[in-house]
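Colleague: I'm new to reading structures like this one, and the whole thing is a bit much at once. Please pick a single helix, take a close look at it, and walk me through what surrounds it.

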Amino acid sequence: MSPTPVPPRARRVFGARTAALTAAAALIVAVVAFGLRVLYHSLVFTREGVLPVDPDAFYHFRRIAYSVRNFPATLAFDPYVNFPRGGEPIWSPAFDLGAAALVRAALGDPEPAAMERLLCWVPPFLGAVHVALLFLIGRRFLSAPAAFAGALLLALLPGHFSYSQLGFVDHHAAVSLAGSLVLFAAMAFAARPGVGQGAALTFAFAGALLLWPGSLIHVGVAQAALLAVWLARGERGPSVRTAALLAAAHAGAALFVAPFGLGRTWLRWGAWSPLVLSGFQPLWLGAGAACFALLAGLYRRTGVSRSRARRAASAAAVGAVVAGLVVAAVPELASRGAGDALAWLARGEEFQAVVGESQPLLVRAGRVQLWPAVVLLSGGFVLGPLAVAALLIAARRVRRPELAVLALWSAAFLLLAAIQWRFVADAAAALALLLPAVVDVGLAPAAPLRRRRLALVAFAAGVVLALPALDFYAKRPLIGRTGRRTMALGLELGRWLRANSPPTSGWLGDGPLPEYGVLAPWGLGHALRYAAQRPLVQDNFGDDVGEEGFSAAEAYFSAPSEEAGLAILAA
């Protein structure tokens, strides 16, 4: 017997009810996330003024204030860093320009304190949006309970809270959100390759790279995952069409990014470094487009081998040819591009070796420690490798390549978080989707009653795994008060300096160069410059904006005598 057809009106009612429930669930998890991230507001809004959580916020305040005053101009060269030479801030301008647009729309050209208060609310808002997005991603590919559980886990995980809490005015919360958009686009493309999905991939790639050049890691992981699931397919027609769509998506992203990076030469980094927005990013995307276009043409002419090893070998050969041609055309890539990327990731560069967010998650004081990772990412961090393997097996069994993309993405960012702390928010988002996905796919074949019971058991297990987060939230007020005291002292010093030293030129404009600079430890640089409105010889950028000031300051602080130190100051 054929099933009874559902009347059109009933379908509309059912669809509207589902949409309303989905919207309500997304709003609930977003409100939970936002409420948790503003819980410690008294540590940020104080009698001493606005005290951001991280010192990098003070340089974002400076760049945003500059763009508010000179909109839509951005501070591309700053004479107030690396004094007396000045330097180019390595952060892409998208976050600061967007924040400046928000300030102008909401407040006009406000006093600094009003601008700072408004900007402190941006990270928790982005964090809440990210949690809601994760629910929608989960709802697109998993059951509603699994999606809700994953979003709720992300809302609670300290690894995501840390970068999206009130007062953490930095691009990290936006970067992790953009990373999940890349994941969403890649999963949608893997599930059903099409023109619309290819366009989403284009905008996700381009947006992530314009927000932070380091998002090349997110793009690269998505590329590798999509290539892997594409090679797993052996049908000629779909393989050729998918390769052509991927080529078009890469070409489109390259065209979007090219005007912002191609042709620019950085004083410190040259024209082809992946560590800044340069010609490297559009060239990388263009090379990807060439590879997929050549593979599409090759498969159209010769057919698709039934052997996965041969398909992989053909892809490797095409990639090697394209890479060889690119390096031949731009020889600097062989040294500058690869060398900068490896030194940054492996902390082989002098300054990055001591930056806090570049430190390994699993190493404290030279010793391997698992507990901090479990606190930040739950006990699910320990189960991560098993969950990745289980999801890869399940994806092959049920023929759902989008789940393979999620598994490979999760494996990459769990590993990256172990290598560098800065990726902990990305790892939190990946893990929050990975664990419910494994449970959801694993329970799908079970009978409805048994599935509900096992889902409740899995949810209870997830609660237990997340309990170490309580240790983070219990200690957060004490750690916050300590950080607030340090930040307040830095601002007090800067205000004293501003009141007791002659003003310098060109603070928020293109006037004369500043008349003198201030030498201070690099960790005080951003806060001291913002509060004093004076140039700094070195700051929290270290040698990333110029080696001269950083080297001079290091030489001064390690001078063997007062005379040697005074000679450095005189210069």
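Modeller: What follows starts with one helix and then works outward through its neighbours.

First, the ground rules: this is a predicted model, in which local features need pLDDT of at least 70, side-chain atom pairs count only at pLDDT 80 or more, and totals for chains, interfaces and linings use all residues. Residues are numbered from 1 along each chain as its sequence is written, and side-chain values use heavy atoms, leaving out hydrogens and water.

Let's go with helix α21, residues 525–532. Helices here are DSSP runs (H or I, at least four residues), numbered from the N terminus. Eight of its eight residues are buried, so α21 is largely enclosed by the rest of the structure. Buried means under 20% relative accessible area, exposed means over 50%, and partly exposed is in between (1.4 Å probe, protein chains only). Among the buried residues of α21 are H526, R529 and Y530. They pack against α2 (56–70), α4 (112–120) and α20. Right after the helix, Q533 has a positive phi of about 55 degrees.

Now for the nonpolar cores, meaning sets of buried Ala, Val, Leu, Ile, Met, Phe, Trp, Tyr and Cys residues joined through side-chain atoms within 4.5 Å. The largest has 128 residues, with L201, L377 and V405 making the most contacts inside it. Apart from that one lies another core, of 38 residues, and A531 is in it along with V50, W266 and W507, among others. A531 is also one of the buried residues of α21.

Next, follow the partner α20, which covers residues 469–499. L470 sits in this helix and is exposed, at 56% relative accessible area. L470 joins F459, V463, V464 and L467 in a nonpolar surface patch with about 470 Å² of accessible area together. For such a patch, residues need over 30% relative accessible area and no salt bridge, and nonpolar side chains (Val, Leu, Ile, Met, Phe, Trp, Tyr) are joined within 5 Å; the areas come from the Shrake-Rupley method with a 1.4 Å probe. Helix α19 (residues 448–466) gives the most to the patch, with three residues.

What about the other partner, α2? R63 in helix α2 pairs with D96 in helix α3 (residues 94–107), 33 residues apart, linking distant parts of the chain. Their contact is a salt bridge, with the closest N and O atoms 3.3 Å apart; the term means a side-chain nitrogen of Lys or Arg within 4 Å of a carboxyl oxygen of Asp or Glu. Both D96 and R63 are buried.

Another salt bridge joins R85 and E548, at 3.6 Å from N to O. Here R85 is in the loop between α2 and α3, while E548 is in helix α22, 463 residues apart. R85 is exposed, at 57% relative accessible area, whereas E548 counts as partly exposed because its relative accessibility is 40%. The whole structure has 10 salt bridges, and some that share partners join R268, D543 and E547 into one network.

To recap, α21 has all eight residues buried and packs against α2, α4 and α20.

Conventions: Patch = residues over 30% accessible without salt bridge, like charges linked within 9 Å, V, L, I, M, F, W, Y side chains within 5 Å. Helix = DSSP H or I, 4+ residues; strand = E, 2+ residues; numbered from the N terminus. Contact = heavy atoms within 4.5 Å.
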